[in-house]
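Trainee: Could you take me closely through one part of this model, and then show me how that part sits within the rest of the chain?

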Amino acid sequence: MRAHGQLSVFIGVMIEQVIVPIPSPMIIMGAGAILISPELSILNAFLQILWLIVLPGTIASTLGSYIGYTISYYGGKALVIRFQRFLDVDWNQIERLEKRFQGKKEAWSLFLSRAIPAFPLSLVSIVAGLFRIPIRPFTLYTFLGSIFRCLFLGFVGWWAGATYEKVAGHLDSLETIISI
């Protein structure tokens, strides 16, 4: 990640969009801890996070989300019907849920599920495809939600890295004093 910076963030987020078990917060938070110097002021760290993490992370999140979205948009109904006994959900339940989220709720739900780090991004894309959300609002709200997600996680990663550096420095000093 140190060697390739933005490219590693882009590739990591793209891979996370396709492979469900990879936790997306780890990629972005790791980038914040590794790529952003702990000595920076909050303003300078914020600017670095925008450039090194938010920009590539948001673009990769948006582009990578098309994979799950496209698969579920075109083949989702057949897959749900075929595997409904394993999924514990049938197509009628999905249609009822879709009706509850149509309109402004649909856009707001998509934005929030992208912005809040607790939701798995690949599953959000799959559900959006199943609900047949049009591509333009899907792209817009995925992009906007990803900005907030990457910014928050990048900042938390930087803060954790800076805190770790300070604590490690204090412990090292304490160890030296005790050793003397």
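**A close look at helix α7**

Mentor: Let us begin with isoleucine 147, which lies in helix α7; bear in mind throughout that this is a predicted model. With a relative accessibility of 26%, isoleucine 147 counts as partly exposed, because the buried class is reserved for residues under 20%. Once the neighbours within four places in sequence are set aside, isoleucine 147 is in contact with Val54 and Thr58. The C-alpha atoms of isoleucine 147 and serine 61 are separated by 9.4 Å, although the two residues are 86 positions apart along the chain.

Serine 146 also has its place in helix α7, yet its relative accessible area is 0%, and it is therefore classed as buried. Leaving out residues up to four places away in sequence, serine 146 touches Thr58, Ser61 and Arg114. Thr58 thus appears in the contacts of isoleucine 147 and again in those of serine 146.

Going back along the chain from α7, we come to arginine 132, whose place is in the loop between α6 and α7. Arginine 132 has a positive phi of about 55 degrees, although it is not a glycine. Its side is not closed off from solvent in the way that serine 146 is: arginine 132 has a relative accessibility of 43% and counts as partly exposed, whereas serine 146 stands at 0%. On the other side of this loop, helix α6 spans residues 121–130, and 7 of its 10 residues are buried, so α6 is largely enclosed by the rest of the structure. The buried residues of α6 are Leu121, Ser122, Val124, Ser125, Ala128, Gly129 and Leu130.

The wider setting of α7 is seen in the nonpolar cores. The largest of them has 16 residues, and those that touch the most other members are Val9, Val13, Ile28, Leu35, Ile36, Ile49 and Ile53. Two or more residues of this core come from each of α1 (6–18), α2 (24–35), α3 (42–87) and α7 (135–179), and α3 gives the most, with 6 residues. A second, separate core holds 11 residues, including Tyr69, Ile94, Leu110 and Ala128; Ala128 is also among the buried residues of α6. Returning to the largest core, isoleucine 49 is in contact with Ile36, Val54, Leu151, Gly154, Phe155 and Trp158, when its neighbours within four places in sequence are left aside. Val54 therefore links two parts of this account, being a contact of isoleucine 49 and also of isoleucine 147, which is classed as partly exposed.

Finally, consider the chain as a whole, which has 7 helices and 0 strands. Its radius of gyration is 20 Å, well over the 16 Å that the globule rule gives for 180 residues, so the chain is more spread out than a compact globule. Along the principal axes, its C-alpha atoms fill a box of roughly 70 × 30 × 30 Å. Of the contacts with a separation of 6 or more, 78% are between residues 24 or more positions apart, and buried residues make up 36% of the 180 in the chain. The accessible surface comes to about 10,900 Å², with 70% of it belonging to carbon and sulfur atoms. As for charge, there are 14 positive and 10 negative side chains, and the centres of the two sets lie 15 Å apart.

Notes: Residues numbered from 1 in each chain as written. Predicted model: local features only at pLDDT ≥ 70, side-chain atom pairs only at ≥ 80, totals over all residues. Heavy atoms only, no water. Helix = DSSP H or I, 4+ residues; strand = E, 2+ residues; numbered from the N terminus. Rg over C-alpha atoms; globule rule 2.2 N^0.38 Å. Buried < 20%, exposed > 50% of the residue type's maximum accessible area, 1.4 Å probe, protein only. Contact = heavy atoms within 4.5 Å. Areas by Shrake-Rupley, 256 points an atom, 1.4 Å probe, with all protein chains shown as cover. Lys, Arg positive; Asp, Glu negative; His and termini not counted. Charge placed at Lys NZ, Arg CZ, Asp CG, Glu CD. Core = buried A, V, L, I, M, F, W, Y, C linked by side-chain atoms within 4.5 Å.
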